[in-house]
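Student: I'd like a close look at one part of this model, the biggest nonpolar core. Could you take me through who sits in it and what is built around it?

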Amino acid sequence: MPVLDDLSGFEFEDVMEDVFRNLGYENVRQAERTADEGRDVLMEEVVDGTRRAVVVECKHTGTVGRPVVQKLHSAIATFEFDGPKRGMVATTGRFTGPAIEYAERLRGNGDPYPIELIDGEDLREIADDIGLDLYNGRIEILCDETLRPYDPATAVAAPVTAAFRDIDNIDSTDLPDPYSEVTFRPVVTVTADTNAVFETSVGVVHRINDRSRFVVHAERGQPRTASSDVSNLVVENLNATVALDTDRFETEFDAMEERRFGQTQTEYKEWAVERLRDHHTTTVSYTGDNNVTYTKTCEPNRSDVSVQSIEPVYLPQVRQTTELGEYSYPYEYFAAGPSRVTSEDGIHQCVQCDTAGTDATYTFCTNCGSINCDSHIKTERLEGTPVCTGCAVTERFALKTKYFYDETNRDAFRDQYDAMPFYEKAMENTLLAVGVVVLVVFVLLGFFASVGGL
């Protein structure tokens, strides 16, 4: 049988740790690899409301005899746990008749420490359930659950419509339907415990007792931790997933893509363990018995980190593009029903400068379809509505630049300007007109003052 044949005994224990975690056991961890006393994997289960310890012996051999089962029975009896306990022997091979008979007798006699036997054939059945690759001993991630790519109570385009409400001079109800595409990106939520004590001759100088939960982007390539916003989005919505129904979502979106998980559960577990070891490594200072100050680098061992669960799910990344005039506006976000984390906002951004973000004011130019900040939006002289500096036709009247939608409007205003009386023309440049009046007043005051002094 090709099951795990090329793995070492320790590697087989790594695989079985992940197997049991996938089968729903809790607090799954490996015992110390030196002097394990017949205990390779330790875990817990809850049966009828009672928590029970499970002590596992892993044997990567062709045949397992009665002595191995007897040794495990003794190991269970001496294992410290406040509650009921049972055992399990897992092997890639088979059990001898005496081993099977001994385990059956324990169960038949109501022994307080019953032992379950899992052989190679049982592993085949488990493989079908959890995605265990029999040829390399890895648990391939099989996932058919996703966070919701949109809020079922609203339309798919609702986030874009909401984003355009902040833009002046455009009614979001008049927007064209955006082009919507969704990419279902694989992520895993890792929950792990780190417990370590660091001692010197003066006693304990540092202690770690921490439970970590973080989200990892799980596509091909090096795993990377998601941002805090994305992590919160995933963790807070893990209880509200739906089936990844590609046929259904293809009718809701213009384009759809499903990415594959790039690593195995074993590889994500190893990566998480190393990440947590690095995260918790620190240097502490302490005073020795001789009143001398020392420093010690406290780095957790691999055995100090226990990965409790690796929960795979798909995280929808939705990209919607709205076409307005000469411009396209992308709006991209990670979705979980009505909740989302924006990754790109091309709506709240001036097309003519670097101004971006929701803190600024933006105005839509109906003449060309651009969105502009206050520095690049003007009032069209003939119609009195917004026009951007990028598309406007300009001409100076009364020494002041005026902005027009096009040459037709400019020429129409030019005719109006030519027909204006002098004082109306002057008011086309209010500052200039006021300045001239002030200057005339000062000249007159100076004249009258000089006349009065004669």
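Tutor: Start with the core itself: the largest nonpolar core has 41 residues, and those with the most contacts inside it are Phe 164, Val 188, Ile 347 and Ile 371. Bear in mind that this is a predicted model. The elements that give two or more residues to this core are α5 (158-164), β12 (179-200), β13 (203-217), α8 (265-280), β19 (305-324), β20 (327-336) and β22. Of these, β19 supplies the largest share, six residues.

Now zoom in on Ile 347. Leaving out residues up to four places away in sequence, Ile 347 touches Val 160, Ala 163, Phe 164, Ile 167, Tyr 329, Pro 330, Tyr 331 and Ile 371. Two of the names from the top of the core, Phe 164 and Ile 371, are on that list.

Two more of those neighbours lead into a small sheet. Three strands, in the order β11-β22-β23, make an open sheet with mixed pairing. β11 (167-168) and β23 (371-373) are the edge strands with a single partner each, so one side of each has no neighbour in the sheet. β11 pairs with β22 (residues 362-364) in the parallel sense, over two bridges. Ile 167, which we just met as a contact of Ile 347, has Tyr 362 as its bridge partner in β22.

Next, follow the chain through β19, β20 and β21. β19 and β20 run antiparallel and are joined by eight bridges. Along that pairing, Arg 319 stands opposite Glu 332 in β20. The hairpin of β19 and β20 has two residues between the strands, and Gly 325 takes a positive phi near 60 degrees there. β20 then pairs with β21 (residues 339-345), again in the antiparallel sense, over six bridges. Ala 336 has Ser 339 as its bridge partner in β21. This second hairpin also has two residues between its strands, with Gly 337 at a positive phi near 65 degrees. So how enclosed is β20? Eight of its 10 residues are buried, so β20 is largely enclosed by the rest of the structure.

β19 also has a role outside the core, in the lining of a pocket. The second largest pocket has a volume of about 220 Å³. Of its 14 lining residues, the closest to the centre are Arg 21, Gln 308, Ser 309, Ile 310 and Glu 311. α1 (9-22), β1 (26-30) and β19 each supply at least two residues of that lining, and the largest share, five residues, comes from β19.

Just before α8, another core contributor, have a look at Gln 263. Gln 263 lies in the loop between β16 (255-258) and α8. With a relative accessible area of 17%, Gln 263 counts as buried. Its contacts, again not counting residues up to four places away in sequence, are Ile 141, Ala 218, Gly 221, Pro 223 and Tyr 268. Take Ala 218: Gln 263 and Ala 218 are 45 residues apart in sequence, yet 6.9 Å apart in space, C-alpha to C-alpha.

A bit further along the chain, β17 (residues 282-287) and β18 (residues 293-298) pair in the antiparallel sense over six bridges. Ser 285 has Thr 295 as its bridge partner in β18. The hairpin they form has five residues between the strands, and Asn 291 in the turn has a positive phi of about 65 degrees.

To put the core in context, step back to the whole protein. It has 11 helices and 27 strands, and 44% of its 454 residues count as buried. Among contacts between residues at least 6 apart in sequence, 61% join residues at least 24 apart. The protein exposes about 23,600 Å², with carbon and sulfur atoms supplying 46% of that. As for enclosed space, a search of the whole structure finds one cavity of 30 Å³ or more. The largest cavity holds about 40 Å³ of space, and its lining is Arg 148, Pro 149, Tyr 150, Pro 152, Val 242, Arg 248 and Phe 249.

Key:
Residues numbered from 1 in each chain as written. Predicted model: local features only at pLDDT ≥ 70, side-chain atom pairs only at ≥ 80, totals over all residues. Heavy atoms only, no water. Pairing = 2+ DSSP bridges. Helix = DSSP H or I, 4+ residues; strand = E, 2+ residues; numbered from the N terminus. Buried < 20%, exposed > 50% of the residue type's maximum accessible area, 1.4 Å probe, protein only. Contact = heavy atoms within 4.5 Å. Areas by Shrake-Rupley, 256 points an atom, 1.4 Å probe, with all protein chains shown as cover. Core = buried A, V, L, I, M, F, W, Y, C linked by side-chain atoms within 4.5 Å. 1 Å grid on protein atoms, 1.4 Å probe; cavity = no way out; pocket = protein on both sides within 12 Å on 5 of 7 lines; lining within 4 Å. Points joined across faces, edges and corners; volume = space filled by probe spheres on them.
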